[in-house]
Protein chains: 2
Amino acid sequence: MKDFIWNVDTKILFGKDYLKDLPKEIKKYGDRVLITYGGGSIKKIGLYDEVVKILEKENIFYKELGGIEPNPRVESAREGVKIVRENDINFILAIGGGSVIDLSKLIAAATFVDADPWKIVIREEKIEKALPIGTILTLAATGSEMNGGGVITNPETKQKLGFGSPLVKPKFSILDPEITYSVNAKHTVAGVADIMSHTMENYFTLDKDTYLQNRMSEAILKTCIHYGPILLEEPENYEARANIMWASSWAINGLVKTGKDTNWSVHPMEHELSAFYDLTHGIGLAILTPRFLSYILDDDTVDMIRDFGINVFGIKPSDDKFQDAKKAIGALHAFFEQELHVPMTLEEVGIDDEHLEEMAKRAAENAGGSIKGVKELKEEDILEIYKASLF
Amino acid sequence: MKDFIWNVDTKILFGKDYLKDLPKEIKKYGDRVLITYGGGSIKKIGLYDEVVKILEKENIFYKELGGIEPNPRVESAREGVKIVRENDINFILAIGGGSVIDLSKLIAAATFVDADPWKIVIREEKIEKALPIGTILTLAATGSEMNGGGVITNPETKQKLGFGSPLVKPKFSILDPEITYSVNAKHTVAGVADIMSHTMENYFTLDKDTYLQNRMSEAILKTCIHYGPILLEEPENYEARANIMWASSWAINGLVKTGKDTNWSVHPMEHELSAFYDLTHGIGLAILTPRFLSYILDDDTVDMIRDFGINVFGIKPSDDKFQDAKKAIGALHAFFEQELHVPMTLEEVGIDDEHLEEMAKRAAENAGGSIKGVKELKEEDILEIYKASLF
């Protein structure tokens, strides 16, 4: 196990009854609030009105930035910084899923940088200070509610890149499973796939000595496999929503990667798909993951993939390790396709071979020449994985 | 899943190389340190000298309180408070296992109370303020390094009682698995049993809807079952020490009980054993747990115990649920006895029937009349469990 520091101090208020605590939690950090949100679903479900009423009752000043995109764009951060500066905002309340929270993190940091927010994402500017953030989560997926990372898209440069700092970790996050009742089937499924992918990116490493962390990863994966299909049948099943929501935070708050040096593989490949095509992130991850595992299956990785099959899908081990590993990959593919009803080819989501080479080139470039995950993936490897995902 | 707040903000520095960070971490909170420790094993392994050298190099003032007992006594807290007050101490550095850390928590809180420290334990005084605490963990067992609880013994009243507050949660804990190399077999095993017991106290509930948390609990239990026996063979196996150490924190930092109303059963019964006999806590827990499970096995609990056997010990499910549950209890007993070599009867640890009735009475009294865990245990139930544990 490698040395590590664990320092996750986001306060989680989980359940049906914590919106009332909002003013108390906000006032620990600020009194002039920027509310950020997305396409307006929070207005449809009445959450916006509820929050505004609570703030107004407590005389908490607020401005708002709505319309943040599903793959949030750097322009919105520019707009947010402007509102913050013009109104002496000292706290950001992000109401949404990962996109809204990620974008809010960039606003929080860019407020204190005398340059375009994109410079932070491409690491030309350092994060040395940030506004405090609180979140009300509306979608279980990215885990952004309990970590210091974010992913931002720049349409001008066709880049979708991650950034992060402990300084932008939310101070508190309110997780009410009922708020996710209205999430439609497509985004519910994409969220489950995203949670599973975060877990798998940390799980699939050649470390042999992070036993606890691997069993924790399997706990999260089993939870997704158990409740994902239930959510499609019963979108208002509280226990299913609650388990998936809590799993989303733990998949990527750092626990399952403690003691490991993890470099992700599938996310950087997927980011090009959604940068080029505005594809829903989780769907892209689901499509790519089984192809990625098939591509890297070799003597080094066979035990790792086989263990996954045995421990997560209950595959009965045989004498043929490779056969078992292939069964594991098949079980994952079948789960996405048959249980979650994910369109499992690029063709089905409207992606053909036109930009594959360009995307492979960019995926390698954005990862510093090649993706250095469990197996190094060069441009030509990435292209092969894209091609295997077409049909 | 019940509503809950998760707010665990202890910073964990895990690995071989974090002692050097001690001054930096301490100086965030204070500059006049009380070092607390136990029987002197930290001097034997050179840790004491190393810490003192580091503090002296940085000109950090310190006083010390050594000799804290394995079942820490309230007298030591009185002594600690005196040293704190006489020397304007503003930070406590606990170097030890759960006993030293628990006692340090009481000192930290009692410093600000104008009454005997015991009044805090029996809840006659409230914790409203506490000195900041940091820890260097020397024994993987109680999990005190990452939570706000402690257990204190009062020999005069023959009471061993828990107390707690978020205010006494350590600000940071240094977890170096190598420091635990010298822990002897008995205490290593007792530690593993303690970690398993913490996990099981939260795992064995009738909640049907905390799927993620139960799988997380199983991850911890499997880690103990995998590495416990390895530690007996290879006390300097880094990976085994590291996995057990990290498991100790997660067994009782609150994660596995999120969403549950848990009331512990075996700990309150064991506390009487170690209050009367100064028995090693983990050994008492190992002896009592299988008898407790056998005693509560009924139509309500059979599925819960059976799942434990299937998911943790890999028992093949049959048509006879009770048979499966009994196998699960047998597997746990056999694991303690044959793999960890725990003396599995009270007789073997020198406890006969002399005080059983008195201890049962007190266990019920100290729990407010009866133990209200997964099944209510009245005085007569506790007595039966003690009796079943004799031989």
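The exercises below, each with a worked solution, concern a predicted model.

**Exercise 1. Domains of chain A**

Determine how chain A is divided into domains, and which elements form the side of domain 1 of chain A that touches domain 2 of chain A.

Solution. Begin with the division itself: domain 1 of chain A covers residues 11–179, and domain 2 covers residues 184–388. The C-alpha centres of these two domains of chain A are 27 Å apart. Turning to the contact between them, domain 1 of chain A contributes 19 residues, while domain 2 of chain A contributes 25 residues. On the side of domain 1, the elements that give two or more residues are strand E2 (11–14) and strand E8 (159–164) of chain A, and of these E8(A) gives the most, with 3 residues. Sorted by character, the residues on this side of domain 1 of chain A comprise 9 nonpolar, 6 polar and 4 charged.

**Exercise 2. A sheet with strands from both chains**

Work out the strand order of the open sheet of 7 strands, and identify its edge strands.

Solution. The order runs E4(A)-E3(A)-E5(A)-E6(A)-E9(A)-E2(A)-E1(B), with mixed pairing. The edges are strand E4 (61–65) of chain A and strand E1 (4–6) of chain B, each of which pairs on one side only. Averaged over the sheet and with direction ignored, neighbouring strands are turned by 15° against each other. One pair may then be followed in detail: strand E3 (residues 32–36) of chain A pairs with E4(A) in the parallel sense over 5 bridges, and A:Ile35 stands opposite A:Glu64 in E4(A). Finally, helix H4 (residues 74–86) of chain A packs on the sheet, where it touches E3 and E4 of chain A, and its direction makes about 160° with that of E4(A).

**Exercise 3. A pair of helices**

Describe how helix H11 (residues 281–296) and helix H13 (residues 321–339) of chain A are arranged, and list the residues that make their contact.

Solution. Two packed helices are described by the angle between their axes and the distance between the axes. For this pair, the axes come within 9 Å and cross at roughly 170°. Because angles over 145 degrees count as roughly antiparallel, H11(A) is therefore roughly antiparallel to H13(A). The contact is made from H11(A) by A:Ala286, A:Thr289, A:Pro290, A:Leu293 and A:Ser294, and from H13(A) by A:Ile329, A:Leu332, A:His333 and A:Phe336. These contact residues divide into 6 nonpolar and 3 polar, with no charged residues.

**Exercise 4. Where the chains meet**

Establish how many residues of chain B and of chain A are in contact, and trace how E1 of chain A pairs with E2(B).

Solution. The count gives 29 residues of chain B in contact with 30 residues of chain A. On the side of chain B, the elements that give two or more residues are E1, strand E2 (11–14), helix H8 (211–233) and helix H9 (238–251) of chain B, and the largest share, 9 residues, comes from H8(B). This side of chain B consists of 15 nonpolar, 5 polar and 9 charged residues. As for the strands, E1 (residues 4–6) of chain A pairs with E2(B) in the antiparallel sense over 3 bridges; A:Phe4 stands opposite B:Phe14, and the bridge partner of A:Ile5 is B:Leu13. Within chain B, E2(B) also pairs with strand E9 (residues 172–175) of chain B, in the parallel sense and over 4 bridges, and in that pair B:Lys11 has B:Phe172 as its bridge partner.

Key: Residues are numbered from 1 along each chain as its sequence is written. Chains are lettered from A and ligands numbered from 1 in the order in which they are written. This is a predicted model: local features need pLDDT of at least 70, side-chain atom pairs count only at pLDDT 80 or more; totals for chains, interfaces and linings use all residues. Domain bounds come from an automatic or database domain assignment. Two residues are in contact if their C-beta atoms, placed from the backbone, lie within 7 Å. Ala, Val, Leu, Ile, Met, Phe, Trp, Tyr, Cys and Pro count as nonpolar, Asp, Glu, Lys and Arg as charged, and the others, Gly among them, as polar. Two strands pair if DSSP finds at least two bridges between them. Axes are lines fitted to C-alpha atoms, for helices over the stretch in contact, and angles run from 0 to 180 degrees between N-to-C directions. Angles under 35 degrees count as roughly parallel, over 145 as roughly antiparallel, 65 to 115 as roughly perpendicular and the rest as oblique.
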